[in-house]
Amino acid sequence: MKIKPIMESGGVMRFHTMTGTKPQSVAEHSWGVAIIIRHFKPDASADLLMAALTHDCAELVTGDVPSTAKWVNSKLKEALDEIETKVEKEWGIDFKLSSEDNILLKVCDSLEGMSYCVKRANQGELEAKLVFYRWAEHLVKIIQLSSEQSAYLHSLEQQIGSASYEKCK
């Protein structure tokens with residue numbers, strides 16, 4: 001494992017394109033993803049937890065490209081995925097997960113980002129509500145959430161307040 005770049009990657013900032021939202025470090029985000037995974041799967045494997053802690057490390061090379069850009073440009077997403085896969089192999093953080101664990105990682109990655117949006121919105125950063133609702137809309141389109149995951153998402157929706165996605169546009 002290439003420890004130096006992995007450790008450095010924790011300083012990459014997320015939400016840097018959202019002018020009204022305080023950036024979040026990859027380290028803070030990845031820790032949150034691992035904690036949420038343990039919430040949903042108390043017996044999570046070491047590989048799944050390590051994948052959670054390192055899933056955005058390659059952003060030290062690519063930068064944090066906003067999800068919305070990848071959602072609307074499949075060629076961009078494919079190029080970034082290719083680079084990130086190569087970096088993860090070179091750095092020794094290409095963990096082999098079951099398809100179930102890969103889905104859980106994706107869900108928890110999204111839920112942590114949405115949790116951060118709740119925190120920022122509750123600090124008065126209203127732009128975070130828009131990000132939250134875009135994320136929720138995308139997540140429920142691409143993944144069938146378990147009842148426990150849906151309940152977690154619903155609790156986040158309650159925490160972010162009564163503003164609807166339409167009101168945030």
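This passage describes the nonpolar cores, two buried helix residues and a surface patch of a predicted model.

The largest nonpolar core of the predicted structure contains 35 residues, and of these Ile37, Leu105, Leu111, Met114 and Phe132 touch the most other members. Two or more residues are given to this core by each of the helices α2 (26-40), α3 (46-54), α7 (99-121), α8 (127-142) and α9 (147-160), and the largest share comes from α7, which gives 10 residues. A second core, separate from this one, has 6 residues, among them Cys57, Ala58, Trp91 and Ile93.

The surroundings of Met114 show what lies around one of the residues that touch the most other core members. When its neighbours within four places in sequence are left aside, Met114 is in contact with Phe132, Trp135, Ala136, Leu139, Leu153 and Leu156.

Val107 is placed in helix α7, and this residue counts as buried because its relative accessibility is 0%, whereas the cut-off for a buried residue is under 20%. Apart from neighbours within four places in sequence, the residues in contact with Val107 are Leu139, Ile143, Leu145 and Gln149. Although Val107 and Phe40 are 67 residues apart along the chain, their C-alpha atoms are separated by 10 Å.

Helix α2 has 15 residues, which at 1.5 Å a residue should span 21 Å, and the distance of 21 Å between its end C-alpha atoms agrees with this expectation. Within α2, the buried residues include Val26, His29, Ser30, Gly32 and Val33, and also Ala34, Ile36, Ile37 and Phe40. In an α-helix there are 3.6 residues a turn, so residues three or four places apart point the same way. Ser30, which lies in α2, counts as buried because its relative accessibility is 2%. With neighbours within four places in sequence again left aside, Ser30 is in contact with Ala52, Leu53 and His55.

At the surface, Met1, Ile3 and Met7 make a nonpolar patch of about 370 Å². Met1 lies in the segment before α1 (3-9), and this residue is classed as exposed because its relative accessible area is 60%, the cut-off for an exposed residue being over 50%. Met1 is thus exposed, whereas Val107 and Ser30 are buried.

Definitions and conventions: Residues are numbered from 1 along each chain as its sequence is written. This is a predicted model: local features need pLDDT of at least 70, side-chain atom pairs count only at pLDDT 80 or more; totals for chains, interfaces and linings use all residues. Side-chain values use heavy atoms; hydrogens and water are left out. A nonpolar core is a set of buried Ala, Val, Leu, Ile, Met, Phe, Trp, Tyr and Cys residues joined through side-chain atoms within 4.5 Å. Buried means under 20% relative accessible area, exposed over 50%, partly exposed in between (1.4 Å probe, protein chains only). Helices (H or I, at least four residues) and strands (E, at least two) are DSSP runs, numbered from the N terminus. Contact means heavy atoms within 4.5 Å. Patches are made of residues with over 30% relative accessible area and no salt bridge: like charges are joined within 9 Å, nonpolar side chains (Val, Leu, Ile, Met, Phe, Trp, Tyr) within 5 Å. Accessible areas come from the Shrake-Rupley method with a 1.4 Å probe; for residues, only the protein chains shown count as cover. A salt bridge is a side-chain nitrogen of Lys or Arg within 4 Å of a carboxyl oxygen of Asp or Glu. The expected span of a helix is 1.5 Å times one less than its number of residues.
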